[in-house]
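Okay, thanks everyone for making time. I'll talk you through one structure today, so have a look at it while I go.

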Amino acid sequence: MTLLSTPRSTTKDVAIALQTSKASTRKERLFQLFLLFSTLVGLVILVVLLVDIVVDGFSSLDLGFFTDYTSRRPEDTGIRAGLTGTLSLMVLVALIAFPIGVGSAIYLESFAPRTWFTRFMQLNITNLAGVPSVVYGLLAAALFAYILNFGRTLITGALALVLLILPVIIVAGKESIKAVPPSIYQGAIALGATPWQAVYKQVLPVAMPGILTGTILALSRAIGEAAPILVAGAVFSRRADSEPWNLTEPFAALPVQIFDFVKRPQEAFQVEVAAAGILVMLFVLLLMNSAAIVLRNRYSK
Amino acid sequence: MLSLTKNKLLVGAIAAALLLTACSGSNDESTATESTESTESTEVAALTGSIDIDGSSTVGPLTDAIAEEYAKVQSGVIVNLAISGTGGGFERFCETGDTQISNASRPIKDKEVEKCKANGIEFTEIRVGTDALTMVTSSETPAIIQCLTTEEVVSVWGPNAKKKWNQVNSSFPDLEIKVFAPGADSGTYDFMNEDVLDIEEPRQDYNASEDDNIISQGIEGTSGSWGFYGFAYYQNAGDKQRALQYDAGAGCVSPSVETAQDDTYKMTRPLFIYVRNDALARPEVADFAKFYLDNVASVIGEVGYIEAPAETIASAKAALQAAIG
């Protein structure tokens, strides 16, 4: 105790020991209180927000809200186009981003030669994870929509989100693979496995829970994004459903619809309808995050 | 430890589950019914196809209301509606050419017409309604500030704007002017500067927002505030703010449906849709445009705008019919 704390000014030796222990317990208490406070701040704000949204939005949440398209009347409006659009985007983004991201992570962690070029690439990927999301949207709009001529369609929106979360998946994948004890890989090699077999059959299964968790968390970040898909061409209203295989159809998305609700002049749209939309999106997000937890628990042992 | 094959199965299962969720809500609306080349004028013929529309966020809700009604008649026609702003809409309409209709809260500019011409895109301008730009202030602002002349508006909003209300008009109190108004990307901003006041550029020291609800919030709590937005936002604004009258030279007039319609309130702006002439050859586009003009009067009030004069709508119908040929 006395070793850890060093009070600045003291007068008498006896007092020092006493004071020190008292002061240090007080400090300890204060420190712990601060930690508790920090934990509560986030939690309380979240609870207040959630309660506020539930209170505002619950009355608008009926079956019609899911099965109707947009309407000029707040009580008749619905999020059907946005919900099917967001779900289709999720499927497409998962199918495209997962293999590419995991492939890149395996290569960088297990096979890439340790040269300056590899280090350069890794540095770039880490940096790309911090690029503002709207930049990916602008890139996707220019490259996929107009240069490659996909138009402002579902696939363009999905590719914008893929670009956005690829760095996150790669970094998460690399970390999970790195966390696998090297002895597992070495053991497999010693028993005559090729490097590919050792990675595929031994290292990857151990790393999988981490990779999956990282991927799903990245996905749930992606579906909440409005900016990149807005510039990549998401519409705010259409009276048709999106399906993941209709790649060249225009699409709507939940965050874009919520954005539109908030901007409307009528207060019922801004408050109740927008809150109901946010509730639906939160529910989809929670569903995905719990899927991540279930997967992690299932595959940790 | 599980093998990877099982992991793969699980990933596949999740993807399949997502796919199922995604399509469980779908119906057959997008599947084609009958092809309808025979008679495009008879109303019973079921049309199919999709119409891409972009442009003004002011006109967007109006077009969406029309699309809502149109879906009840022609469920096979899908209207895809985006809101990139009037300028952004014209960029797609004239440059990339991937929209058939563009919503606009101001007339098309000359340089936009040039772009359309350069890309061989001919269009028809259709007036669909009227919006009354509304100047507002907080209800806490002293009641003496009630009406502004064009000159006074310029000294509140123009390039050499005054800091205090008594510098605008000596009968006004010694109170700071706090401006909350649309930012430079909005058609509302363009219209106020170019068409109402004829100024190059407004003051720079104001709170700009592209979201009219943010402007509304700023206006409400601030005594001496000044700002402007579309009539729909004023109708929904509540009693914490009040509209200012506008004197264009013939006396003070309050913004209202009546004064906008009889043209005594001078701060009104026309709302348009622009339709590509070659797209009008497609029966669903022509039918939608006709439906728009036939039904706009029944929904425009609910959306918060004002009916265009009957003769304007009549001449728009004639122009549309001529373009359809």
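Let's start with contacts in chain B: among those between residues at least 6 apart in sequence, 76% join residues at least 24 apart. Keep in mind that this is a predicted model. Chain B has 325 residues, and 51% of them count as buried. You'll find 12 helices and 13 strands in that chain. The accessible surface of chain B comes to about 14,200 Å², with 49% of that belonging to carbon and sulfur atoms.

How confident is the predictor? For the model as a whole, the scores are ipTM 0.76 and pTM 0.79. Chain B averages a pLDDT of 83, and 86% of its residues score at least 70. If you go element by element in chain B, helix H1, residues 4-24, has the lowest mean pLDDT, at 44, and strand S3 of chain B has the highest, at 94. Over residues 1-42 of chain B the pLDDT is below 50, and that stretch has 56 contacts in the model beyond near neighbours in sequence.

Now, strand S13 of chain B, residues 268-276. Is this strand buried or exposed? Nine of its nine residues are buried, so S13 is largely enclosed by the rest of the structure. As a reminder, in a regular strand the side chains alternate between the two faces of the sheet. Here, B:Thr268, B:Pro270, B:Phe272, B:Tyr274 and B:Arg276 point one way, while B:Arg269, B:Leu271, B:Ile273 and B:Val275 point the other, and all of them are buried.

Which strands pair with S13 of chain B? One is S3, residues 101-104, which pairs with S13 in the antiparallel sense over four bridges. Within that pairing, B:Ala104 has B:Phe272 as its bridge partner. Another is strand S4, residues 123-132, also antiparallel to S13 and joined to it by nine bridges. There, B:Asp131 stands opposite B:Arg269.

Staying in chain B, let me point out B:Leu175. You'll see B:Leu175 in the loop between helix H6 (165-168) and strand S7 (178-182). At 21% relative accessibility, B:Leu175 counts as partly exposed, because the cut-off for buried is under 20%. Leaving out residues up to four places away in sequence, B:Leu175 touches B:Pro142, B:Lys163, B:Lys164, B:Trp165, B:Ser223 and B:Gly224. B:Lys266 is 91 residues from B:Leu175 along the chain, and their C-alpha atoms are separated by 27 Å.

On to charges. Side chains of opposite charge can pair when their charged atoms come close. How many salt bridges does the structure hold over all chains? There are 27.

I've picked three to show you. In the first pair, B:Glu69 and A:Arg72 form a salt bridge, and their closest N and O atoms are 3.0 Å apart. B:Glu69 lies in helix H2 of chain B, residues 60-73, and A:Arg72 sits in the loop between helices H2 (63-67) and H3 (80-111) of chain A, so this pair joins two chains. Both B:Glu69 and A:Arg72 are buried.

Next up is a pair inside chain A: A:Glu109 and A:Lys174, with 3.6 Å from N to O. This one links distant parts of the chain, with A:Glu109 in helix H3 and A:Lys174 in helix H6, residues 154-178, 65 residues apart. A:Glu109 is buried at a relative accessible area of 15%, and A:Lys174 is buried too, at 10%.

The last pair is B:Arg106 with B:Asp190, where the closest N and O atoms are 3.7 Å apart. B:Arg106 is in the loop between S3 and helix H4 (110-118) of chain B, and B:Asp190 is in helix H7, residues 187-197, so the pair ties together parts 84 residues apart in sequence. B:Arg106 and B:Asp190 are both buried. There's a network as well: salt bridges that share partners join A:Arg72, A:Arg73, A:Asp76, B:Glu68, B:Glu69, B:Lys72 and B:Glu302.

B:Glu302 turns up again among the contacts of A:Gln266, together with B:Asn236 and B:Val303. A:Gln266 is in the loop between helices H10 (254-263) and H11 (267-300) of chain A, and at 13% relative accessibility A:Gln266 counts as buried.

Finally, the surface. A:Leu30, A:Leu33, A:Leu36, A:Leu40, A:Leu43, A:Val44 and A:Val48 make a nonpolar patch of about 660 Å². One of them, A:Val44, belongs to helix H1 of chain A, residues 13-57, and counts as partly exposed at 46% relative accessibility.

Note on methods. Residues numbered from 1 in each chain as written. Chains lettered and ligands numbered in written order. Predicted model: local features only at pLDDT ≥ 70, side-chain atom pairs only at ≥ 80, totals over all residues. Heavy atoms only, no water. Patch = residues over 30% accessible without salt bridge, like charges linked within 9 Å, V, L, I, M, F, W, Y side chains within 5 Å. Areas by Shrake-Rupley, 256 points an atom, 1.4 Å probe, with all protein chains shown as cover. Salt bridge = Lys/Arg side-chain N within 4 Å of Asp/Glu carboxyl O. Buried < 20%, exposed > 50% of the residue type's maximum accessible area, 1.4 Å probe, protein only. Pairing = 2+ DSSP bridges. Contact = heavy atoms within 4.5 Å. pLDDT = per-residue confidence, 0-100.
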